[in-house]
Amino acid sequence: TDLAPNPSTPPGNPELADAAPPPQAPAIIQRKDYRVPEWLVPTIDLDFALKLDATRVKSTLRVERNPHGEQGTTLRLNGDGITADSVTVDGQSTNSWRMDGSDLVIELDGDKHEIVIETTLDPAANSQLSGLYASNGMLCTQCEAEGFRRITFFPDRPDVLSRYAVRLAGDKAKFPVLLANGNEVARGADPERDGPGTHWAEWHDPWPKPSYLFALVAGELVANRSSFVTLSGRKVRLAIYVRPGDEARTGHAMESLKAAMKWDEDVYGREYDLDDFNIVAVSDFNAGAMENKGLNIFNTRYILADPDTATDGDYDAIEGVVAHEYFHNWSGNRVTCRDWFQLSLKEGFTVLRDQQFSAAMGSAPVKRIEDVRVLRGVQFPEDSGPLAHPIRPDSYQEISNFYTATVYNKGAEVIRMMTVMAGLDRFRRGTDLYFERHDGEAATCEDFVKAIEDGAGLDLKQFRRWYEQAGTPRVEVEMRHDATSGEVRLILRQTVPATPGQPDKAPMPIPLRTALFDRMSGRHGGEQTLILDDATREFSFTGFAEPPVLSINRGFSAPVAIATPTPAEDLLFLARHDDDPFARYEAMQQLVVQHLVGVVNGSVTGAALDQGRAAIGEAFEAILDDRALDDLMRGEFVILPGETYLAEQLLVNEPAAIHAAREELKAWLGINLGAQFRALHDRCSAVPYSLSPEARGSRKLKTQALVYLAPADPAEAIRRAKAQFDGADNMTDRQGALMVLCGLSGPEREEALAAFHDRYAGNALVIDKWFSLQAGSLNPKALEHTKALADHPDFNLANPNRVRSLYMAFAANPQAFHDASGEGYRMIADLIETLDPLNSSTAARFVTPLGRWKRMEPGRSALMKAELERLAAVPTLSRDTREQVSRSLD
Ligand code: ARG
Ligand code: ZN
């Protein structure tokens, strides 16, 4: 069963059994050690007798020696926390097997055998939520990356592809719905075989797949059904299964699914390949969702939405994640990964695809800004910290730790650069070739690059370094202007910083979309993509009587940091005139970043401080007044750069100073543009609810206006926020108003929190918001509040959504987490220690916030490090958490 440690006396033939292994340092898995599998498993039959606390699994493997593998006689089947009740080989019970650690090893003399193994599981006790587990009375699985070995013994590696035939039997009242991958081929009832009150269903998946894509679901579920006709005219039945009562909240997910199916046909030529596509939403889930073949399993938070319970952001996230998992059917399932080092092959590419899809469904520039915000707020810090790794890592101890912003988001950026260099049409020829060449295979990142190279006609020789080297490249920019010749020389330099295990870096090709603006006309003579492919490169332009204004890395064409500050007057010019919406936004951000960094490091004081604020104030006013801007975009312009991103710009992180400088600027803007923000709040409050971009834009701005009024005039902000909260007919307005009230103090805060909790009692996803709002609040007492919320009857350590809603929100709240007392650090370390035995992969994710101690000012640095050292001394730490703690201390 799940929480049982590995048996110290291995079952099986005692003569073959090893002695209990001595405790040893955790194994490091290296990419270079890859070997093809010795044995293949062309087909597997799985027979499940389902029960919440005792599920019996009978697994029949047809194994064949791989002609390309080493010709040994041992078959190694991975297991994790399971024991074999029986093992037979070719119909005979056998003594030729033994346990080696948690793996089952069988000696075989022939080239082809049939192995039957029985195991018994306790899904109700599986708090790790990996393998087969119980959630809310239903049974479900999560097998990626290595969960299948918690169900049965198997070569649990993605390059072993099998055809699955699955029989599920269980109590008909408890599990009226029985689902697995592929097609349901038969169902019935056989009480003699399966027991009284049972029924069964048989599912066959015609597509060979790796074990990580196996899934089953059994439970009392209701379906929202629809259908989709594919490009070749086949009708696909669609169903989204949820708990009874939730079906009314599945409409948006269903629409997103159909839009994604259509888009993948139109843009990538990819058609769906089964008669059924099923989605199941579960409330206990470690990740966001999972792309199991024909049976995607989702965290409820990425399925359920209606205007009363989901924000506009939630709607967008659902659209993106539903599309992401659907797109995996080709980028991940039809072409899968050879080994887990290749994870970005499917994840980076699929993130790019879902980003492109969402851009096409809504505002492309706003989507780009949001994606870059996540990259700079999460991935850049990862890339400059102790956990930095290339998008294709070279080694790991626990693969769960590598489902990172680097593998996912930077991975997407790296492929996006290929689209910048090739153009979308040629890129499409590359992806067509990739799918054609590798359909049905377990491929590598190298295979992908080669297919793009051949199909799109790019030379990606040097570009491959993006897969090898970690760290965010820094690009320095120098412009020289010769007034007599009218020549402009642009000198670009790149450095890739050292990262753990990679002290020296080689230059990488960096495609920078660039335009040079004429100061007088406010126009440029055409954009060019400059490829900075050496440590230094010079580019020359002619025809400039005056020095132009440089707009570089437009659209964020490369995931790099532009390290040279731009003169404030040029930023103001670009914020007004740049015709690339991202570049315009970026100019505004840089204006604020340069100012705040100067305030924090003490270089901007006195008159310079006033001047800086005045410039920002003017730029804000221009944005608020610009009638050509839509409100969704305007909303992006008025969001100040986050504290984590600001901290990245400093050599030494001073969280308190960063927080104070940013809050003071907000208050200054709120005071000096008070009339504008009031008028904005009035104008936007008059727009009725709908999902139109206009209405969504006004909701975004409405709450932003309150954000600036809050520090400037708290009494008025409370009055307006309370009115917005009381009058809200949708969650975006209600949550926005509650966030603002939460950050202030007074009876309105307590009343609104209580009213919100009352109204949504029992709705887990909304109660998650209630926890997050308080833990993530600007309220000076957020630390105290978080501590108290841990004892709230609704808090539940066994549910990852609830744990994250409280503690991830807290760890992402700099003013609370970085409390000078160190109490915030201790709270997170205590959480890790308590959660680790229950759910190690969720616990390990909380190590990251403690890991940035090296860049921290000395006082906090010592406190953070002490918490990591305390964790390192816990002898029972999981492999997941131990790996993250030791990398963070290195
Ligand atoms: N492949 C899933 C996705 O679509 C995520 C699986 C998460 N697994 C894990 N061990 N963290 O992104
Ligand atoms: Zn994915």
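1. A145 sits in the loop that joins β11 (138-142) to β12 (162-171), and in this predicted model the peptide bond leading from E144 into A145 is cis, with omega near -5°. For comparison, most peptide bonds are trans. E144 and A145 also belong to the set of residues that surrounds ligand 1, and so the reader may wish to look at the cis bond and the ligand shell together.

2. What surrounds ligand 1? The shell consists of E144, A145, A287, A289, M290, E291, H324, E325, H328, E347, S400 and Y403. Two elements, β20 (289-290) and α3 (312-327), are the ones that give two or more residues to this shell. When the shell residues are sorted by character, five are nonpolar, three are polar and four are charged.

3. The strand β20, which contributes to the ligand shell, is also part of an open sheet of five strands, whose order is β17-β18-β19-β21-β20 and whose pairing is mixed. Both β17 (222-229) and β20 are edge strands with a single partner strand each, so one side of each has no neighbour in the sheet. The partner of β20 in this order is β21 (residues 295-299), and the two strands pair in the antiparallel sense over two bridges. At the level of residues, M290 has I297 of β21 as its bridge partner, and M290 is one of the residues that surround ligand 1.

4. The loop between β21 and α3 contains T300. Is T300 buried or exposed? T300 is buried, because 22 other C-beta atoms lie within 10 Å and the cut-off for a buried residue is 20 or more. Once its neighbours within four places in sequence are left aside, T300 is in contact with A281, V282, S283 and L765. A further pair worth finding in the structure is T300 and G288, which are 12 residues apart in sequence and 8.6 Å apart in space, taken from C-alpha to C-alpha.

5. Strand β14 (residues 183-188) is hardly covered, since the count of buried residues among its six residues is zero. This strand pairs with β15 (residues 198-209) in the antiparallel sense, over five bridges. E184 is found in β14 and stands opposite W203 in β15; not counting residues up to four places away in sequence, E184 touches A201 and W203. With 17 other C-beta atoms within 10 Å, E184 is partly exposed. E184 and A165 are 19 residues apart in sequence, and their C-alpha atoms are 10.0 Å apart in space.

6. Two asparagines deserve a careful look at their backbone angles. Most residues other than glycine have a negative phi. N136, however, has a positive phi near 55°, and N553 likewise has a positive phi, of about 55°. N136 lies in the loop between β10 (131-135) and β11, whereas N553 lies in the loop between β30 and β31 (561-562). Their surroundings can be read from the counts: N136 is partly exposed, with 14 other C-beta atoms within 10 Å, while N553 is buried, with 23 other C-beta atoms within 10 Å.

7. Helix α10 (residues 568-577) has D570, L571, L574 and A575 as its buried residues. These residues lie on the same side of α10, because they cover an arc of only 140° around the axis. What do they pack against? The buried residues of α10 pack against β30 (549-552), α11 (581-600) and α12 (606-625).

8. Three domain features come from UniProt, and in each case the entry is unreviewed. The record lists "Aminopeptidase N-like N-terminal" for residues 72-213, and over this span the chain is 3% helix and 51% strand, with its end C-alpha atoms 28 Å apart. It places "Peptidase M1 membrane alanine aminopeptidase" at residues 253-466, a span that is 55% helix and 9% strand and whose end C-alpha atoms lie 35 Å apart. The feature "Peptidase M1 alanyl aminopeptidase Ig-like fold" is placed by UniProt at residues 471-563, where the chain is 0% helix and 46% strand, and the end C-alpha atoms are 14 Å apart.

How values were computed:
Residues numbered from 1 in each chain as written. Chains lettered and ligands numbered in written order. Predicted model: local features only at pLDDT ≥ 70, side-chain atom pairs only at ≥ 80, totals over all residues. Near = placed C-beta within 6 Å. Helix = DSSP H or I, 4+ residues; strand = E, 2+ residues; numbered from the N terminus. Nonpolar A, V, L, I, M, F, W, Y, C, P; charged D, E, K, R; others polar. UniProt positions renumbered as here; feature names shortened; annotations may be inferred. Buried ≥ 20, exposed ≤ 12 C-beta atoms within 10 Å, placed from the backbone. Arc of directions from axis to C-beta. Contact = placed C-beta atoms within 7 Å. Pairing = 2+ DSSP bridges.
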